[in-house]
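Visitor: I am new to this structure and would like to be taken through it slowly, one question at a time.

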Amino acid sequence: LFHILHLPKFQMFDFHYDLLTKLYISYLNNDFWEVEAICQAFRQNNIKALLANLCFETEAEMKKEYHPNYWNPEVGIKEMFQITVQLAKKYIPSDIEVYYSIEGCDFLEVEDLEEFYQMGLRSILPVWNHSNQYGSGNRTCQGLTPKGKALIEKAVEVGIAIDLSHMNEKTFEDSLNVIENLQKQGKKAIFFAPHSNIRRLCNIKRNLT
């Protein structure tokens, strides 16, 4: 214990923070005090790397929980992502390595993944808690759709990681089957569940068996 107390500060990696969403809400409100406070906390807690998410829920939930104008089809997901990445570069300390992610791919098209990769996207969560065109989250019981399979295949092709959090068991298993088949073909698939807990300890559908 004596030796541990005299070690330099631990370097921390925040594996999941909805920071791009907070940045976009701050942008809509033209008020960045909360983002500035968050970035100050990053400095104080020695965060050296961060997975920053831009989140999409149901339209009703986004209006209620985020901002009435959070999702605007006339703006679209590409412009939202561009705006938030630019703001992240402005507000997040330059010594923190940031990986950009989209949580809930409801408004993301498969054919756009390569362009998003060029814009900085490095991780996707195909589904949030509800179902969408790609599969089902933990509130619903269907699995991965054919479009979901195509989404994962394209993401692996361009080098985007697959975040398995929020999936129900069927979508989770279907996604792993797609990934395992791609690995058998010699393709490098990055996949993880960075913000999922253990169902044995807390028995809710959101957690993993």
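Guide: Before we begin, one cut-off is needed for what follows: helix axes that meet at 65 to 115 degrees count as roughly perpendicular. Please also keep in mind that this is a predicted model.

Visitor: How many helices and strands are there in the chain?

Guide: Read along the sequence, the chain follows the pattern α-β-α-α-β-α-α-β-α-β-α-β-α-β. Taken together, the elements of the chain come to eight helices and six strands.

Visitor: How does the radius of gyration of the chain stand against the globule rule?

Guide: The C-alpha atoms fill a box of roughly 50 × 50 × 35 Å along the principal axes, and 50% of the 209 residues count as buried. For 209 residues the globule rule gives 17 Å, and the chain comes close to that, so it is as compact as a globular protein of that length, with a radius of gyration of 18 Å.

Visitor: How are H2 and H5 oriented to each other?

Guide: Helix H2 covers residues 19-29 and helix H5 covers residues 76-91, and their axes, which come within 9 Å, cross at roughly 95°. Because an angle of 65 to 115 degrees falls in the class defined at the start, H2 and H5 are roughly perpendicular.

Visitor: How do the residues of the contact of H2 with H5 divide into nonpolar, polar and charged?

Guide: On the H2 side the contact is made by Leu20, Leu23, Tyr24 and Tyr27, while H5 brings Met80, Phe81, Ile83, Thr84, Leu87, Ala88 and Tyr91. Sorted by kind, these residues come to 10 nonpolar, one polar and no charged.

Visitor: What covers the buried residues of H2?

Guide: The residues of H2 that are buried are Leu19, Leu20, Thr21, Leu23, Tyr24, Ile25 and Ser26. Their cover includes helix H5, already met as a partner of H2, and also strand S1 (12-17), helix H3 (33-44), strand S2 (47-55), helix H4 (59-66) and strand S3 (97-103).

Visitor: Is the crossing of H7 and H8 left-handed or right-handed?

Guide: Helix H7 (residues 146-158) and helix H8 (residues 169-184) pack at an angle of about 40°, with their axes 10 Å apart, which makes H7 oblique to H8. The contact is made by Lys149, Ile152, Glu153 and Val156 of H7 together with Ser175, Val178, Ile179 and Leu182 of H8, and these residues divide into five nonpolar, one polar and two charged. As for its hand, the crossing of H7 and H8 is right-handed.

How values were computed:
Residues are numbered from 1 along each chain as its sequence is written. This is a predicted model: local features need pLDDT of at least 70, side-chain atom pairs count only at pLDDT 80 or more; totals for chains, interfaces and linings use all residues. Side-chain values use heavy atoms; hydrogens and water are left out. Axes are lines fitted to C-alpha atoms, for helices over the stretch in contact, and angles run from 0 to 180 degrees between N-to-C directions. Helices (H or I, at least four residues) and strands (E, at least two) are DSSP runs, numbered from the N terminus. Angles under 35 degrees count as roughly parallel, over 145 as roughly antiparallel, 65 to 115 as roughly perpendicular and the rest as oblique. A crossing is left-handed if the near helix is turned anticlockwise from the far one by less than a right angle, and right-handed if clockwise. Contact means heavy atoms within 4.5 Å. Ala, Val, Leu, Ile, Met, Phe, Trp, Tyr, Cys and Pro count as nonpolar, Asp, Glu, Lys and Arg as charged, and the others, Gly among them, as polar. The radius of gyration is taken over C-alpha atoms; the globule rule is 2.2 Å times the number of residues to the power 0.38. Buried means under 20% relative accessible area, exposed over 50%, partly exposed in between (1.4 Å probe, protein chains only).
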